[in-house]
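Subject: Structure handover

Hi there,

Here is the structure I promised to pass on. Have a look at it first, and then read on for what turned up.

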Amino acid sequence: MGLLRAAGAAGAAAVRPQKSVILLWMAGGPSHIDMVDMKPQASSEVRGPFQPIATSLPGLDVCDLLPGHARVARHLTVIRSLTHTWSVHDDAQHRVQTGYPQLNARQAGQQHPCQGSVVSWCRGSSAASGLPAYLCIPEDYRTHAGFYQTAAFLSARHNALNAGGDPRLGNYRPPAFELPAGVSRSRFEDRRSLTAALDRFPAQVRFPAALQYARDVQQQAAQLVAGESARAAFDLSGESARLQQRYGQHAWGRYMLMARRLVEAGAGFVTVNLYEKDVDWWDAHYTIDSSLRRRLPIFDQAFEALIEDLQERGLQDDVLVVACGEFGRTPRIDSGAGRGHWPRAMHAVLSGGWLRTGQIIGSTTRDGGEPASRPLSPGDLLASIYRVVGVDPGLVIPDRQQRPIPLLAEGSPIRELF
């Protein structure tokens, strides 16, 4: 208990509440070569079917399916030299989202907390809106293979609040913060009063952390049901038709608009899962041409709208946007006209968060297969994200047995960003 209180206090003291993160998680592994690290001088099987276009950031060309990225590129930092060695989806996702390697992660399960849960543990709920610190749109996919977006040993209190909806739908359905059937508002308030009265005694004495966690979850649930601020944050009808059209009348556009509303309402970490179940997600093993022509235009539209919307609202310094997946794709297109898993080179795109943007960090070899300069690890990326939200990357956190566990297995903030 002493370690928990000490570490929790240290984490809370380090947090700057005004900073939030929107993680655009591209599950399956987006192709760096076909998006932001194009190789137009390479052979056709390396360079792929797409053409490069110039951007507002000198020296950066992007795929011709990303004109929105081209327009907002001056607000971006593109990291081209991320690298690791985990080529299985589950193992790589565990590595990138928790900072820890995990062999056979699907069988072993998530062993370390993801970044959103860490922010929740350090920050807690928003006092103003009652929103939890960590949310996933549309959900965290705990029931699906991979993703590794839970609190692990930090307790379920720091799992994400799932914002609702379905990735196969073209619209967004907010969560239903409703009272159970047969329970009126007055009856609900009576129950809250009774619970508060019963809590007075244990609040005066020391009792197990598990009971405190349960009480915190109960209070948070009650606030979500009874309060109006959280409901308003999930209500897209408050946005103009013009802005909604700008983000796009498709699932990803509505998800990113929702993410902006949530961080504006006080959420600390929002993960948007850009994942389409049963349609090969970003795992483009086959016909990468048609695969990316299907998803890049809608991703590009929503991404450009999000970056510009944050800029127009004066939120660009308070909100860090990160877009990445668990690895890149093979340098050469294979016999199935696709690209396989390739962790030895991958990319991430960042914007906002008071970072130094308008730059390219690192480079890859002529075929995009290895870092040619400034190799960086997933731990370096996570350490940078933690620094933005005021969490010390060197923090030690307690596991269920109260043993001290380093927040990251390795990594330090990327100096070019700060």
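To start somewhere specific: in which helix is Arg260 found? Arg260 sits in helix α11, which covers residues 251–264; helices here are DSSP runs of H or I with at least four residues, strands are E runs of at least two, and both are numbered from the N terminus.

Before going further, please note that this is a predicted model, in which local features need pLDDT of at least 70 and side-chain atom pairs count only at pLDDT 80 or more, while totals for chains, interfaces and linings use all residues. Residues are numbered from 1 along each chain as its sequence is written, and side-chain values use heavy atoms, with hydrogens and water left out.

The pLDDT (the predictor's confidence in each residue, from 0 to 100) averages 85 over the chain, and 78% of the residues score at least 70. Please take care with residues 1–17, where pLDDT stays under 50.

Overall, the chain has 13 helices and 16 strands. Of its 418 residues, 57% count as buried, meaning under 20% relative accessible area with a 1.4 Å probe and protein chains only, where exposed is over 50% and partly exposed lies in between.

Back to Arg260: this residue is buried, with a relative accessible area of 1%. Beyond four places in sequence, its contacts (heavy atoms within 4.5 Å) include Glu239, Tyr247, Asp309 and Arg313.

Helix α12, residues 288–312, is worth a look too. Its 25 residues should span 36 Å at 1.5 Å a residue, and the end C-alpha atoms are 35 Å apart, which agrees; the expected span is 1.5 Å times one less than the number of residues. There is a kink of about 30 degrees at Leu296, shortly before Pro297, the bend being the angle between axes fitted to the seven residues ending there and the seven starting there. Just after α12, Gly314 has a positive phi of about 70 degrees.

Finally, the largest nonpolar core (buried Ala, Val, Leu, Ile, Met, Phe, Trp, Tyr and Cys residues joined through side-chain atoms within 4.5 Å) holds 59 residues, of which Leu24, Leu262, Phe299 and Phe303 touch the most other members. Helix α12 gives the most to this core, with 10 residues. Another core lies apart from it, with 48 residues, among them Phe153 and Ile405. As for Phe299, its contacts beyond four places in sequence include Leu24, Trp252, Trp282 and Ala323.

Enjoy exploring!
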